[in-house]
Amino acid sequence: MPSIHFISGLPRSGSTLLAALLRQNPRFEAGMSGPLAGMFGALLGEMSARNEFSVFIDDTKRQRMLHGLFENFYADCPADVIFDTNRSWCAWMPAIAQLFPDAKVIACVRDMPWILDSIERLIQHNVFTPSSIFNFQPGGTVYTRANGVAAQTGMVGAPYDALKQASFGAQRDRLLLVQYETLTADPAKAMHSIYRFLDEPAFDHDFDHIDYDVTEFDERAGTPGLHTVREMVSAEPRESLLPPDLFSRFVNDAFWRDPNRVPQDLQIV
């Protein structure tokens, strides 16, 4: 099986952009969030004691079957290095370490208010197309939507907690946090750090011509633009759509920005 690494972290924080850049390298395979993390959790659950036949399954078999899930999913992939993307991988760091001892995890991060602003911008732009983010339910306000996605089981809250777990956990030596601001404002620096982290030979990426289109998926999700990647990497400052009180509620959640709040050996670019 090819080498495998993982892209995880927070939503609306550059994971699709990162995958689009990585796939420029002909040795790499990367894409938007895929189904493997969900299948991984479902299979692990079905092999647990809730299944009456679990007496026939020990940890060795569980690991072999879970490893086989990846082998079979990527059996027809010709790449030397595979990057599987899903926000849930940060929660599975201990399992990743045992299944793939050489695997690394790249976690894309972004200031929380701007993640919520990005989601709200999508919703307001697609006002006549209810989104899967909110179970295709129309209505609500920016407050109810922000509270929903920021909840512990929400689209933002769950991966945020998983990110913190990974950042302070025993496997943080295989974790690299890539800030959205660095990736968009200085992509060369970000990619150089990623290649060094992966111990891969450098590649000359084209930051002015990016080709990655998953329009059909976004339209089926009722959220056109969800995974849109602009042709050119750039940082575009803008005013937030969030009311000031809502914006300020999340402004201190970027723990990775404060050296006093993270382990010294946590790698951040």
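A residue counts as buried here when its relative accessible area is under 20%. With that cut-off in hand, here are some close-up views of this predicted model.

**View 1. Strand β1 sits inside the structure, with partners on both sides.** In β1 (3–9), 6 of the 7 residues are buried, so this strand is largely enclosed by the rest of the structure. β1 runs parallel to β3, and 5 bridges join the two. One pair to look for is Ile4 of β1 with its bridge partner Ile82 in β3. β1 also pairs with β4, again in the parallel sense, over 4 bridges. In that pairing, Ile7 stands opposite Ile106 of β4.

**View 2. Six strands make up an open sheet.** Reading across the sheet, the order is β2-β3-β1-β4-β5-β6, and the pairing is parallel. The edges belong to β2 (28–29) and β6 (267–268); each has a single partner strand, so one side of each is left without a neighbour in the sheet. As general background, the strands of a sheet pair through backbone hydrogen bonds, in either a parallel or an antiparallel manner. Towards the β6 edge, β5 (residues 175–179) and β6 run parallel and are joined by 2 bridges. Here Leu176 has Gln267 of β6 as its bridge partner.

**View 3. Strand β5 is covered along its length.** Of the 5 residues in β5, 5 are buried. Leu175, Leu177 and Gln179 point one way from the strand, while Leu176 and Val178 point the other way. β5 pairs with β4 in the parallel sense over 5 bridges. Helix α7 (residues 157–168) lies across β1, β4 (105–109) and β5, and runs at about 130 degrees to β5.

**View 4. Cys108 is a buried residue of strand β4.** Cys108 belongs to β4, and its relative accessibility is 0%, which is why Cys108 counts as buried. Which residue of β5 stands opposite Cys108? That residue is Val178. Val178 is also among the contacts of Cys108 outside its neighbours within four places in sequence. That contact list further includes Ile7, Ser8, Gly9 and Leu10, together with Ser13, Gly14, Ser15 and Leu18. For a distance to check in your viewer, the C-alpha atoms of Cys108 and Tyr195 are separated by 15 Å, and these two residues are 87 apart along the chain.

**View 5. Helix α2 has several buried residues.** Within α2 (residues 36–46), the buried residues are Leu36, Ala37, Phe40 and Gly45. Their cover includes helix α3 (59–73), strand β3 (81–85) and helix α4 (93–99).

**View 6. A cavity is lined in part by helices α5 and α6.** How many cavities of 30 Å³ or more does the structure hold? There is 1, and the largest cavity has a volume of about 40 Å³. Its lining is formed by Leu116, Ile119, Glu120, Phe134, Val142, Arg145, Ala146, Val149 and Leu242. Both α5 (112–125) and α6 (142–150) supply at least two of the lining residues. The largest share comes from α6, with 4 residues. By class, the lining has 7 nonpolar residues, 2 charged residues and no polar ones.

Conventions:
Residues numbered from 1 in each chain as written. Predicted model: local features only at pLDDT ≥ 70, side-chain atom pairs only at ≥ 80, totals over all residues. Heavy atoms only, no water. 1 Å grid on protein atoms, 1.4 Å probe; cavity = no way out; pocket = protein on both sides within 12 Å on 5 of 7 lines; lining within 4 Å. Points joined across faces, edges and corners; volume = space filled by probe spheres on them. Nonpolar A, V, L, I, M, F, W, Y, C, P; charged D, E, K, R; others polar. Buried < 20%, exposed > 50% of the residue type's maximum accessible area, 1.4 Å probe, protein only. Contact = heavy atoms within 4.5 Å. Pairing = 2+ DSSP bridges. Axes fitted to C-alpha atoms, helices over the stretch in contact; angles between N-to-C directions.
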